[in-house]
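Visitor: I'd like to go through this model with you and hear how each label is earned. Can you start from the inside and work outwards?

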Amino acid sequence: MTYEQIFLFCLLGVVFAFLVWGRIRYDLVAFAALIIAVVGGVVDAHDAFIGFGHEAVVIIALVLIVSRAMMNAGAVELISRFVLSTGRSLSSHIGLMAVVGAGLSAVINNVAALVMLMTLDIEAAKKARRPVSRSLMPLSFATILGGMITLIGTPPNIVVSEFRNRALGDSYSMFDFSPVGLVCAAAGIAFVALFGWRLIPDAGQADVEEEGDAGLFVAEAGVKEKSKALGKPVSDLYPLADEHDVTILGLVRRGKRLPGFAAGEEVRKSDHLILEGDPKSIEAFIGAAELDAPGAEKHGGLRGQSLVLIEAIVPDSARMVGRTALDLRLLYRRGVTLLGVSRQGKRFRERVRKLPIRAGDVVLLLGPESRVADAAEWLGVLPLAEKSHTVIQRGKAFFTMGVFAAAVASSVMGFVPLVIALAAAVAIYALFNVVSAREVYESVEWPVIVLLASLIPLGLALEDSGGTRLIAEGILSLTGSLPAWAILTILMVVTMTLSDFLNNVATALIAAPVGLSVANGLDVSPDPFLMAVAVAASCAFLTPIGHKNNTIIMGPGGYRFGDYWRMGLPLELLIIAVAVPAILFFWPL
C-alpha cells in the first residue's frame, strides 16, 4: 500500500467513526477531514473546493429549493382531501399515505415529502384517536422508498449518476432509476401497509393528546365571488370546518354581525364568516373554502409576495393597547392585516378589526414577512418566534407544478441539462415570489451540501490513489468463486449496512467507485453494480440516524433507537430480495 492509500484509509476510518458517534456535526467532521487531507498532501490544494461547484451538489441544492416551492404552493392541500378520513382502516390509511408519500418523494426531495405529509398523518391520528406511532414510521419508510424512483428523488441517485458521468462519460437520465425503484417501492409499500406496522412495539410510543382552547383565535374571512361557501347556508360549511378543526361562530353582513350563529343564513358575496381555531387550522379552512383574508387584495396576485402569519403578545406598553386595527389604519399604513385575536379562550362579538386590543391578548398578523416584522415593532407587540407560519399560496399551485413539469420535460428530452432546467425553475419561482429570496437560502440544507462538497475531493483522491481498486480486489479475492449476482448481492448488503449508520451521501460516494471497480474486475457491465449502490445507499431502515426522515419522526412518534430494526430489518431483506432480480432484469450483466 502507498502512503496516499494508508493516509486516506486511516482518515476515512476516523471520519466514519465520528459520523457513527454522532456527537460532532457531520459537516464539520467532513470539512475538517478535507483540510487534514490537504495538509497531509493527499488532496491538491487547488482541488480542495471543487466539490462546492460539483454538479451533484448544485442539483441537490436546487431540488431542495424546488421542494420548498411545492410546499409554499399548497401541494399537500391538493391531495389532503383524498388522504384524511377517519373511516378508513389503519392498513388502508397507511397504504394510501405511503403511496402518496412515495409519489411525492419521486418528484421532490424525500425529506420535504415527509415534512409535508407528517402533519396530515398526525392530524389523521388525532381524529381517529390512535397513537401516531403506528403510522409515522411506515410513512417515513415509504418516502425513502419513493425517492429511489427518479434521479432527483434522493441524493444517492444524484451522486451515483454524476459519478457515472465522470467515470464513463454519460450520466443516468431522470427515469433510468424508475424500473428498479418502482419494483422496490411497490414491494416495500405493500409490506409496511399490510404487515410491517404490526411489528412496531407498543412500549414508549407517544399517544395523541388533545389540545386545549387557550391558543384559539377568533378571526374573519371574506366570501369572494368563486367561494365554495357562496349560496350555501352557514350550517352546510360545518363539516368542512370540523375537518379543519375550525368553529364557525357567525356571519357579518354589511358591516354588522347577524344574531347568534346564523346557521340558517345563506352565504352571500362580500359576507364575512367569523371563525375560531388555531392559526394553521384557520388558514387551511380559508383555503379549502376558497375564502379571502381581510386585505387579501393588497397581498394577492401571481406576483404577490410570500406571506406569513405570526402570533405576537401584546404587552402593557404596546401602541395598540386600547385601540383597534381600524384606529391604527394597520392595513393602509403598514400593509399588514390583523387576522385574529386570542383572549385567553374568551369569545367576543365585535368584528376583529373593530375590537379594542387589551394587554395580554395574542394577535395574529398576516402579511409579507418584512412588513409583518416592521409592523410588530411599530405596534410594540412581541412576536413569538416559534409561532410563525408560512401562508400557502394556493393560487400558484398549478403554475408551480407546471414550471416544474416543464423543467423535467426539457431535461428528459435533452434540450438542456437537468441542473440548468432546475436552475431556471428556481429563478422563475423567485421571480414570481413562490419562494422569497430568504427562503431560497433557507431551503438549502447547508450541512448536507458541506458534507457532500467536502467528501467529493476525498473520494476522488481515494480513487486516484488506487484505494477503491484495492477495496474491490479485496472483495473479489474473498468472493472469487461466487457468481456475479452473488457478489452484487454482497455489495448491496455491505452498502446498506453502512448506510444504516452513516449519511447516505457519504455511503454513495465511497461505494460507487468500489462498485465500478468490482464490475471491471469481473469484466461485466458496471450499471447493475451502480444501480445496486444507489438502491442500497438509500435504504437505511435499521436506525434513526441512517436517514434524516427516520430522525425527524423519532420525537413525534415517541420511538426509541431499537424500535426501527423491528420493521426495518425485514424490509431491508425484502428490498434485497426484489432489487437483485429487478436490477439484473433491467440492467443485465
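Guide: Sure. Helices α8 (155-168), α19 (446-464) and α22 (504-522) each supply at least two residues of the lining of the largest cavity. Keep in mind that this is a predicted model.

Visitor: What makes it a cavity and not a pocket?

Guide: A cavity is a set of points where a 1.4 Å probe fits but cannot get out, whereas a pocket is an open set. By that rule, with a floor of 30 Å³, the count comes to one cavity. Its volume is about 150 Å³.

Visitor: Which residues lie nearest the centre of the largest cavity?

Guide: F163, R166, I456, L460 and L509, out of 14 lining residues. By class, the lining has nine nonpolar, two polar and three charged residues.

Visitor: Why is the contact of R164 with D170 called a salt bridge?

Guide: The closest N and O atoms of R164 and D170 are 3.9 Å apart. The cut-off is within 4 Å, so the pair counts. R164 and D170 also belong to a network of salt bridges with D527.

Visitor: And how do you know whether R164 and D170 are buried or exposed?

Guide: R164 has a relative accessible area of 13%. Buried means under 20%, so that label fits R164. D170, at 45%, is partly exposed, because that class runs between 20% and 50%.

Visitor: What makes E220 and R351 a link between separate parts of the chain?

Guide: Their side chains meet in a salt bridge at 2.8 Å, N to O. E220 lies in strand β1 (residues 217-223) and R351 in the loop between β7 (337-342) and β8 (362-368), so the pair ties together parts that are 131 residues apart in sequence. Both E220 and R351 are buried.

Visitor: Where else does a salt bridge link distant parts of the chain?

Guide: K224 forms one with D292, at 3.9 Å between the closest N and O atoms. K224 is in the loop between β1 and α10 (238-243) and D292 in strand β5 (residues 291-292), 68 residues apart. K224 has 32% relative accessibility and D292 has 29%, so each counts as partly exposed. Overall, the count comes to 13 salt bridges.

Visitor: Now the outside. Which residues make the nonpolar surface patch?

Guide: V14, F18, W21, I24 and L28, covering about 460 Å². Helix α1 (residues 3-21) gives the most, with three residues.

Visitor: Why is L28 called exposed?

Guide: L28, found in helix α2 (residues 26-39), has a relative accessible area of 51%. Exposed means over 50%, so L28 earns the label.

Key:
Residues are numbered from 1 along each chain as its sequence is written. This is a predicted model: local features need pLDDT of at least 70, side-chain atom pairs count only at pLDDT 80 or more; totals for chains, interfaces and linings use all residues. Side-chain values use heavy atoms; hydrogens and water are left out. Patches are made of residues with over 30% relative accessible area and no salt bridge: like charges are joined within 9 Å, nonpolar side chains (Val, Leu, Ile, Met, Phe, Trp, Tyr) within 5 Å. Accessible areas come from the Shrake-Rupley method with a 1.4 Å probe; for residues, only the protein chains shown count as cover. Helices (H or I, at least four residues) and strands (E, at least two) are DSSP runs, numbered from the N terminus. Buried means under 20% relative accessible area, exposed over 50%, partly exposed in between (1.4 Å probe, protein chains only). On a 1 Å grid over the protein atoms alone, a cavity is a set of points where a 1.4 Å probe fits but cannot get out, and a pocket is an open set with protein on both sides within 12 Å along at least five of seven lines; lining residues have an atom within 4 Å of a point. Grid points are joined across faces, edges and corners, and a volume is the space filled by probe spheres set on the points. Ala, Val, Leu, Ile, Met, Phe, Trp, Tyr, Cys and Pro count as nonpolar, Asp, Glu, Lys and Arg as charged, and the others, Gly among them, as polar.
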